[in-house]
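Visitor: I should like to take a close look at a single part of this structure. Please begin with one detail there and work outwards from it to the rest of the chain.

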Amino acid sequence: MKYFTTVHDIKSADALIKQALEIKSDPFLWNKLGRNKTLGLIFLNPSLRTRLSTQIAAQNLGMNVIVMNIDKEGWALEFEDGAVMNGNKVEHIKDAAAVLGTYCDIIGLRSFPSLQNKEQDYSEHILLQFMKHCKVPLISLESATLHPLQSLADAMTIYEKKKKQRPKVVLSWAPHIKPLPQAVANSFSEWMNALDVEFVITHPEGYELKEDFTVNATRVYNQEEALHNADFVYVKNWSAYNEYGTIPPVKENWLLDQNKMRVTNNAHIMHCLPVRRNVELSDELLDSSVSLVQQQAENRVYAAQAVLKNILQSNYRTEKLTEVQTQLIEA
Ligand code: CP
């Protein structure tokens, strides 16, 4: 494995989830694998869970870790090819990413979308430029459109808690005070589509996700109908994809509470965190025994460890890239 940016970068989601669960049962088994290897974690946006869990994961594998909040601590980056850099941008991504690639064996990158320019965000131009110029394996720590480490941890949590072979999993839109990326919802959809689950997405009109990610899911606008017999309810806000980055008005109350959960199959509640309590999810649900949010956060360590282990064990220098990866990087 050279890249981990989407579920399509791996051969089997099911196999990777099982590997991550095995690592959880014995986290230090591979603590010499990363000896003398360096992981560079590069953040263009804030983080608590991703930063710390990935750092712990690398340490469990014996790696050295360096972290840089490049948006605050680095030079202002230019991403335009051929730019005449006579403005406030000091360093081109071509140079910065190439330097990072000489210092690190693996790079992790967090780069949120602008939510202003759909084409640019959905082309993943920041992630792809890092991939192209750093030349070493790269893990997405949440990109403009996807958050695969979160989804792997979420899928692990479902595997740990599911009581039937094919559980019903509902992704339920939640209110928020400001526009948020679609990345967690896109990514969760991609992963659920790759697994043996009954997957339903519910959201108000105007909040349709890009169909590339949701293609096999059942989509319903009626939240109560969607929740019927659910085993897991994943709660998440996202801004509109079609009217890109906007927050179209919603008349109904989409805040999930215990009363709405009555129609579920005693469902577990999931959220990636951070969560705005009593805006996205009620205290009563978050603090109840059905909440899996802490388990999801804990599983972030083992999700990251499984991905790093795969990269460290792979012959990525000679590995052939997939057709999509080649096209993306050469574009
Ligand atoms: N869920 C998640 O990615 O959290 P952070 O933004 O704190 O990393």
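Guide: Let us begin with one pair of residues: Phe-232 has His-268 as its bridge partner in strand β12. Please keep in mind that the model is predicted. Phe-232 belongs to strand β11, which covers residues 232-236. Strands β11 and β12 run parallel and are joined by 3 bridges. In a sheet, strands pair through hydrogen bonds of the backbone, in either a parallel or an antiparallel sense.

How many residues of β11 are buried? The strand is mostly covered, and 5 of its 5 residues are buried. To read this, one needs the cut-off: a residue counts as buried when its relative accessible area is under 20%. The side chains of a regular strand alternate between the two faces of the sheet. In β11, Phe-232, Tyr-234 and Lys-236 lie on one side, while Val-233 and Val-235 lie on the other. Both faces of β11 are covered, and every one of these residues is buried, Lys-236 included.

From β11 we may step to strand β8. These two strands also run parallel, with 5 bridges between them. One place to look for this pairing is Leu-171, which stands opposite Tyr-234 of β11. Strand β8 spans residues 168-173, and it too is mostly covered, with 6 of its 6 residues buried. Lys-168, Val-170 and Ser-172 point one way from β8, and Val-169, Leu-171 and Trp-173 point the other way. Buried residues are thus found on either side of β8, among them Lys-168 and Trp-173.

Strand β8 has a further parallel partner, strand β9, made of residues 198-202, and 5 bridges join them. Here Val-170 of β8 stands opposite Val-200 of β9. The path followed so far therefore leads from β12 to β11, from β11 to β8, and from β8 to β9.

The residues after β12 also deserve attention. Pro-274 is found in the loop that lies between β12 (268-270) and helix α11 (283-286). The peptide bond leading from Leu-273 to Pro-274 is cis, and its omega is near 0°.

Another set of strands can be found elsewhere in the chain. An open sheet is formed by 5 strands in the order β1-β7-β6-β2-β3, with parallel pairing. β1 (3-4) and β3 (64-69) stand at the edges and each has a single partner strand, so one side of each is left without a neighbour in the sheet. Within this sheet, β6 (residues 106-110) and β7 (residues 138-140) pair in the parallel sense over 3 bridges. Ile-107 stands opposite Leu-138 in β7.

Beyond β6, two backbone angles are worth finding. Leu-115 lies in the loop between β6 and helix α5 (118-122), and its phi is positive, near 60°, in a residue other than glycine. Leu-115 counts as buried because its relative accessibility is 11%. Glu-124, in the loop between α5 and α6, has a positive phi of about 55° although it is not a glycine. Glu-124 likewise has 11% relative accessibility and therefore counts as buried.

Helix α6 (residues 125-134) comes next, and 8 of its 10 residues are buried. These include Ile-126, Phe-130 and His-133. An α-helix has 3.6 residues a turn, so residues three or four places apart point the same way. Lys-135 follows α6 and has a positive phi, near 70°.

Finally, we may step back to the whole chain, which contains 13 helices and 12 strands. Its radius of gyration is 20 Å, close to the 20 Å that the globule rule gives for 331 residues, so the chain is as compact as a globular protein of that length. The C-alpha trace spans about 55 × 50 × 35 Å along its principal axes. Of the 331 residues, 56% are buried. Among contacts between residues at least 6 apart in sequence, 78% join residues at least 24 apart. The parallel pairing of β11 with β12, where we began, may now be viewed within this wider setting.

Notes: Residues are numbered from 1 along each chain as its sequence is written. This is a predicted model: local features need pLDDT of at least 70, side-chain atom pairs count only at pLDDT 80 or more; totals for chains, interfaces and linings use all residues. Side-chain values use heavy atoms; hydrogens and water are left out. Helices (H or I, at least four residues) and strands (E, at least two) are DSSP runs, numbered from the N terminus. The radius of gyration is taken over C-alpha atoms; the globule rule is 2.2 Å times the number of residues to the power 0.38. Buried means under 20% relative accessible area, exposed over 50%, partly exposed in between (1.4 Å probe, protein chains only). Contact means heavy atoms within 4.5 Å. Two strands pair if DSSP finds at least two bridges between them.
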